[in-house]
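Let's take a walk through this fold, going from helix packing to a few individual side chains. Keep the viewer open as you read.

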Amino acid sequence: MPVINRFAEMLPEISAWRRDIHAHPELRFEEHRTAAFVAAKLEEFGCDEVLTGFGGTGVVGVINGKSGTAGKTIGFRADMDALPIQEATGLPHASTIPGKMHACGHDGHTSMLLGAAKYLAETRNFDGRIVLAFQPAEEGGGGARAMIEAGLMDRWAIEEIYGMHNMPGMAVGEFAVRTGPQMASPDKFEITVRGTGGHGAMPQKGVDTTLVAAQIVVALQSIVSRNIDPMDNVVVSVCGFRTETATYNVIPDSAKLLGTVRTFDPKVQQQVRARIDALATATALGYGAVAEVTHISGPPPLVNHAREADLAAEVAEVIAGVAHRDLDPIMAGEDFAEMLLERPGAYLFIGNGDSADLHNPHYEFNDEVIPAGCSWFVTMAERRLPLG
């Protein structure tokens with residue numbers, strides 16, 4: 001595999017960065033320590049510009065090529081935030097902060113882009129300008145949109161932008177990317193059921209919100225199976241069920257359901273929302289309760305641009321010898337989709353090997369991925385911005 005030899009040499013150093021970030025996870029828009037760490041490294045590497053507080057807690061680094069900025073400008077993005085999960089790996093570098101964990105590999109994404117930044121700042125074997133976007137709040141916080149609104153694309157006239165995410169279950173260092181829709185739009189919903197609480201031994205005197213909410217959970221399962229065209233990719237999942245009761249014999253006045261909807265087509269998205277509204281309110285009414293539904297929009301579907309996906313795959317083939325192009329769309333969401341609405345680009349996956357799945361308390365980013373990931377960023381930069 002033509003991984004750049006320098007990254008095999010740098011692996012202990014980059015792994016140490018990654019493990020430091022892993023041990024100090026920060027949630028969306030709280031990435032102050034991580035941002036300071038990233039900015040200090042970029043300054044140390046000799047980047048031409050380093051900006052902090054960009055789009056909240058984001059960091060931007062700019063590296064000019066040997067020929068200055070005569071060529072085009074491309075962007076690379078890595079996410080920095082962690083998740084509200086209690087880590088269960090037991091590793092020496094496990095999270096030191098209770099209830100917070102890098103369970104999606106953003107520590108690895110950030111470290112790979114830092115490694116590439118160090119190499120590119122040293123060699124500058126390209127003509128043009130590279131903008132490195134270290135994004136906050138990918139996990140449901142709108143960090144991509146915040147950086148765009150802060151001027152990420154326009155300030156440096158970025159013409160193309162690329163991102164990368166690790167994928168458990170795919171061989172270490174292999175890549176996958178598809179043209180067109182690759183990841184779904186992730187919406188959230190909340191359903192609050194209001195009834196009449198009372199004594200668990202006398203349910204006839206109240207309106208049992210736990211029962212009503214449970215019936216709504218069951219009713220929502222009919223949306224995908226009976227209301228949506230089977231050819232459309234849709235997920236409706238109820239993931240949270242909360243009541244006011246923390247004891248054995250009190251029927252609560254209210255109950256709340258939390259869930260997610262995943263779609264690729266805006267028309268289907270609206271159809272699902274309408275069915276959630278109808279089923280929740282009608283089911284509650286049938287039991288003498290009231291249901292209030294709130295929909296929370298997520299980022300749009302992630303759609304790779306054809307030319308840029310092909311370019312990303314070509315570089316992946318150079319690095320790994322293979323780039324999986326037959327990847328099926330997945331129902332996970334990713335707010336890098338916002339950046340792809342602004343500029344042509346692509347988002348690709350890099351194999352994390354046989355690890356626990358993403359968002360799992362036993363997940364660990366595989367440091368053996370780092371040389372291939374760094375090599376992809378550098379090779380992409382040098383191919384898209386060749387010296388004359």
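Start where α6 meets α8: on the α6 side you'll find Val212, Gln215, Ile216, Ala219 and Leu220, and facing them in α8 are Ile276, Leu279, Ala280, Thr283 and Ala284. Sort that contact by class and you get 8 nonpolar, 2 polar and no charged residues. Keep in mind that you're looking at a predicted model. As for the geometry, α6 covers residues 209–220 and α8 covers residues 266–286, and the two pack at an angle of about 145 degrees with 9 Å between their axes. The crossing of α6 and α8 is right-handed.

Now move along to another helix pair. Helix α9 (residues 306–320) packs against helix α11 (residues 370–384), with an angle of about 125 degrees and axes 9 Å apart. That angle is why α9 counts as oblique to α11. Here, too, the crossing is right-handed for α9 and α11. From α9, the contact draws on Arg307, Leu311, Ala312, Val315, Ala316, Val318 and Ile319, while α11 brings in Ala372, Ser375, Trp376, Thr379, Met380, Arg383 and Arg384. The tally for α9 with α11 is 9 nonpolar, 2 polar and 3 charged residues.

One residue of that contact is worth a closer look. Serine 375 sits in helix α11, and its relative accessible area is 0%, so serine 375 is buried. What does the side chain of serine 375 reach at 3.0 Å? Go to isoleucine 4 and pick out its backbone nitrogen: that is the partner. Beyond neighbours within four places in sequence, serine 375 is in contact with Val3, Ile4, Phe7 and Ile319. Ile319 also belongs to the α9 side of the helix contact described above.

Next, head for a loop. Glutamate 364 is found between β16 (345–351) and α11. Is glutamate 364 buried or exposed? Its relative accessibility is 18%, and the cut-off for buried is under 20%, so glutamate 364 counts as buried. Its side chain makes a polar contact of 2.6 Å with the side chain of histidine 93. If you leave out neighbours within four places in sequence, glutamate 364 touches Arg18, His22, Leu91, His93, Asn352 and Ser355.

Follow that polar contact across to the other partner. Histidine 93 has its place in the loop between β3 (73–79) and α3 (106–123). With 10% relative accessibility, histidine 93 is counted as buried. Setting aside residues up to four places away in sequence, its contacts are Arg18, Arg19, His22, Ala23 and Glu364. Arg18 and His22 thus turn up in the contact lists of both histidine 93 and glutamate 364. For a sense of distance, histidine 93 and histidine 24 are 69 residues apart along the chain, with 9.1 Å between their C-alpha atoms.

Finish at strand β4 (residues 129–135), where you'll find glutamine 135. This residue is buried, at a relative accessible area of 0%. Its side chain makes a polar contact with the side chain of arginine 77, at 2.9 Å. Not counting residues up to four places away in sequence, glutamine 135 touches Arg77, Ala78, Asp79, Met80, Gly143, Ala144, Met147, Asp335 and Met339. If you want one last ruler check, try glutamine 135 against glutamate 308: they are 173 residues apart in sequence and 21 Å apart from C-alpha to C-alpha.

Methods:
Residues numbered from 1 in each chain as written. Predicted model: local features only at pLDDT ≥ 70, side-chain atom pairs only at ≥ 80, totals over all residues. Heavy atoms only, no water. Axes fitted to C-alpha atoms, helices over the stretch in contact; angles between N-to-C directions. Helix = DSSP H or I, 4+ residues; strand = E, 2+ residues; numbered from the N terminus. Parallel < 35°, antiparallel > 145°, perpendicular 65-115°, else oblique. Left-handed = near helix turned anticlockwise from the far one by under 90°. Contact = heavy atoms within 4.5 Å. Nonpolar A, V, L, I, M, F, W, Y, C, P; charged D, E, K, R; others polar. Buried < 20%, exposed > 50% of the residue type's maximum accessible area, 1.4 Å probe, protein only. Polar contact = N/O pair within 3.5 Å; in protein donor to acceptor, adjacent residues only side chain to side chain.
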